[in-house]
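Visitor: I should like to understand the empty spaces inside this structure. Please show it to me.

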Amino acid sequence: MDRYDTIVVGAGVAGLTAARLLTRAGRSVVVLEARDRIGGRVWTVRDGDEATDLGASWIHGVDGSPVAAAARAFEMPMTEFTVGGYQPDSRPIAYYGPAGSRLSEVETAGFVDDIRAVDEALPAVIEASAPDASYSDVAEQVLRTFGWDEARAERVREYLRHRSEEQYGAWIGDLAAHGLDDDSIDGDEVVFPDGYDRLAERLSDGVDLRLEHVVSHVRWDDDGVSVSGDRGTLTAAAAIVTVPVGVLRSSDFVIEPALPAPVAGALSRLEMNAFEKVFLRFPTRFWDDEVYAIRQQGPQGLWWHSWYDLTSLHGTPTLLTFAAGPAARAIRDWDDAAVIDSVLSQLRRLYGHRVGVPTAVHVTHWQDDPYARGSYAYMTVGSTTSDHDDLATPVGGVLHLAGEATWTDDPATVTAALCSGHRAAQNVLGRDVPIEDAWTD
């Protein structure tokens, strides 16, 4: 076939959702994927019976979640693992003070109360903030109102820094004041012991896929689109482009004519983050029982401050930590051994000789992935929440952008990717279709 109804660029969840819906609606569709696998930033590796999700891991709130509905329909095993965002006490957390000693229950409760007080005051200050205000600006404004001594204020300040980093992989001064507006969770959170990639696999059923097909140019006009790359050129009446913001903003991916406002403006205010995962499996557990997370305060926790216990997924003692924002950029050129040594040095500071030698490790490198250039997008200073939806404004009636960065309600998630793919398919069809058509027969 020389010409298609729709070309979809990218075989992540957004692209596969759109392609599946359009295919089921009777349209001729082809999906072009640069990698040798599907899933995009949903990527699972397996060591024997143990699956490790190097990209997306959670459904952040199953209530009303289309991803949860799809996972149930596809019979994907799910394990409850409620994080609640980067919260101070959503589950049992072992806090260690700047000196390396575990905080008492009373000390922990006092710290959590301080966080709650700041969180209660933040929304009003954010709402009244200037368009160019950063999350750091509004946080400092709130902190000043409490009149705390410097040590007490610093513990809360560093917590807010770490929350900005773990939620969006960005330095608190680079994140827009409204950058954490979506930091809310509805219902339990779950993870996938058998791997998140099962979702992509099932969504790809019946879809015409072309792997290792690198797209470099998308040209559009009133007659349709042409998509070119290392495997030649294909044409269609419409195209859905689901590549990440990092690729959209690069010189390696050209859209001609250039994207019009408001699409171009929204794209200029969104940026790809720096966010890497570090998984460590150990022969024995050395941290306390019934602890969901370990967190250390103070300067030693500048990079490695939080570890999450993933033992319940497969029964193997496992900790997950993140290199986020400045930390991820600083270690970008390190080899994996140096990263692991750095992480272990902080764990040994807290637990001493009890920390064993890891039996397996995984360190991600999303910043160096040419087809991602980061983990997900965040709102830079000067952006607004509407920039996400504005990025998905149809161009010339023939070109549509989709992906996690194009969905306002819950950006940076698989839910956003799936919902944006559904929206793009509806825009191409010119009519509503049930999102459930993506996973029901």
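Guide: The largest cavity has a volume of about 170 Å³. This is a predicted model, in which local features need pLDDT of at least 70 and side-chain atom pairs count only at pLDDT 80 or more, while totals for chains, interfaces and linings use all residues. Residues are numbered from 1 along each chain as its sequence is written, and side-chain values use heavy atoms, with hydrogens and water left out.

Visitor: Why is this space called a cavity?

Guide: The name applies because, on a 1 Å grid over the protein atoms alone, a 1.4 Å probe fits at its points but cannot get out. The volume is the space filled by probe spheres set on the points, which are joined across faces, edges and corners.

Visitor: Which residues are closest to the centre of the largest cavity?

Guide: They are Ala51, Asp53, Phe279, Leu310 and Leu313, out of 17 that line it; a lining residue has an atom within 4 Å of a point. Strand 4 (50–53), strand 14 (275–281), helix 9 (311–314) and strand 17 (318–324) each give two or more residues to this lining. Helices (H or I, at least four residues) and strands (E, at least two) are DSSP runs, numbered from the N terminus.

Visitor: How many cavities does the search find?

Guide: Over the whole structure there are five of 30 Å³ or more. The second largest has a volume of about 80 Å³.

Visitor: What makes the largest share of the lining of the second largest cavity?

Guide: Helix 5 does, with four residues. Tyr86, Phe111 and Arg295 are among the residues that line this second largest cavity.

Terms used:
On a 1 Å grid over the protein atoms alone, a cavity is a set of points where a 1.4 Å probe fits but cannot get out, and a pocket is an open set with protein on both sides within 12 Å along at least five of seven lines; lining residues have an atom within 4 Å of a point.
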